[in-house]
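Colleague: Please take a close look at one part of this model for me. I would like the cysteines settled before we turn to the strand and its surroundings.

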Amino acid sequence: MFAVQRNPDLFHGWGKRRDFFEGWYFKLVEPRQEQVFAFIPGLSLARQVEDSHSFIQVVDGRRARLQYLRYPVDSFHSQRRIFAIEVGASSFSLDRLSLQIDGPQMDARGVVEFSNTKRWPDSLLNPGSMGFYNYLPRMQCYSQVCAMDMDLVGELEIDGQRIDFTGGRGYVEKNWGRAFPISWIWLQSNNFAERRASLSCSLGHIPFLAGSFRGFLVGLLVEDQFYEFTSINRTKARVERRGNDISIDLRNARHRLTIDAVTNPEQFVLLKGPRDGRMEPLVQENLLGQVRVRLTATDSDRLLFAGEGRCAGVEYGGEQMHVLDPGD
């Protein structure tokens, strides 16, 4: 148990029989930013045995299209000591993604290798991006940023279209537990023109014990400098609605980060996520959003970074009033 708590990238489902999900999210953007895909392999152990299965969700951001590929439970395989999983003939790790999908829904094959991977800094006390919350039992949902940023080499052929990802950028995260939060906001981009930077932003209203709380995990990597804004390091957050989108203001003792999301409602795709012991269509996601970011020093308002992230992943999930501040 301690090994998987200390390394949240690993598969957490050993010994689970029902009411459990685990999924990894691989987002790949080719260098011209004309194609952006998300590949989501995972396992759903439902309350009813007949609903249990493994899966790969393939999200085509440019076409706003989802393919949900369902496999038997025993098509999912994982190594114990490193993050390396297989679903059917496809495999996924922090070194490479290999697709071999032949079926009536889609054909996809090829290999993309990952290098120059940048991680969310952690420690024994605060493992992974979720920190010491990884040590708390029976939370509804856990999350982990496996790779804030990485370089891509390789190509995929998807439904007859060859896409060369060489020179592009990748990002990997995961979730596991019983179900997604009551409500959440998720923003991510590592395609900034100004400097090499990567943003990962998750906010959720999370049931815990007899109550609930709004938790958030926000990391900004600029070159090799990492800035962390989380519930753990005493950051204060304000989340406001701006039309159809969201504006977030985060402040702690050292830094202030403002994030403004911009999306086109027609570019959202409805993905499946865990709810009530099953995988249900409940995740509205956009892979062509924009995030406008401004980072300053708290004491002097000195500008440290400003940029606009393209090909941004944006999710608004559940009942948003639970994550917005009063008055919004």
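Modeller: Start with the sulfurs. This is a predicted model, and its disulfide count is zero. A disulfide is a covalent bond between the sulfur atoms of two cysteines. The cut-off here is 2.5 Å between the sulfurs. Cys201 does not form one because its closest cysteine sulfur, in Cys141, is 15 Å away, too far for a bond. Cys311 is in no disulfide either; its nearest cysteine sulfur belongs to Cys201, at 18 Å. Both residues are covered. Cys201 is buried, at 0% relative accessible area. Cys311 is buried too, at 6%.

Cys141 leads on to strand S10. S10 spans residues 141–158. Cys141 stands opposite Gly177 in S12. S12 covers residues 169–177, and eight bridges join this strand to S10. The two run antiparallel.

S10 has further partners. Strand S9, residues 107–118, is joined to S10 by nine bridges, again antiparallel. One pairing to look up is Gly110 with Leu156 of S10. Strand S11, residues 161–164, pairs with S10 over four bridges, also in the antiparallel sense. There, Glu157 stands opposite Arg162. S10 and S11 make a hairpin, with two residues between the strands. Asp159 sits in that turn and has a positive phi of about 50°.

Now the packing. Of the 18 residues in S10, 14 are buried, so the strand counts as mostly covered. In soluble globular proteins, nonpolar side chains tend to be buried together. The largest nonpolar core here has 71 residues. S10 gives the largest share of this core, 10 residues. Five members touch the most other members: Phe26, Leu28, Phe39, Leu97 and Leu156. Leu156 is the residue in S10 that is the bridge partner of Gly110.

Leu28 is worth a closer look. Set aside its neighbours within four places in sequence. Its contacts then include Gln35, Val36, Phe37 and Phe39. Leu97, Val112 and Phe114 are also among them. So are Leu152 and Leu156. Phe165, Arg169 and Gly170 are in contact with Leu28 as well.

There is also a second core, separate from the one above. This second core has 32 residues, including Leu187, Val293, Phe305 and Val314.

Methods
Residues numbered from 1 in each chain as written. Predicted model: local features only at pLDDT ≥ 70, side-chain atom pairs only at ≥ 80, totals over all residues. Heavy atoms only, no water. Buried < 20%, exposed > 50% of the residue type's maximum accessible area, 1.4 Å probe, protein only. Core = buried A, V, L, I, M, F, W, Y, C linked by side-chain atoms within 4.5 Å. Contact = heavy atoms within 4.5 Å. Pairing = 2+ DSSP bridges.
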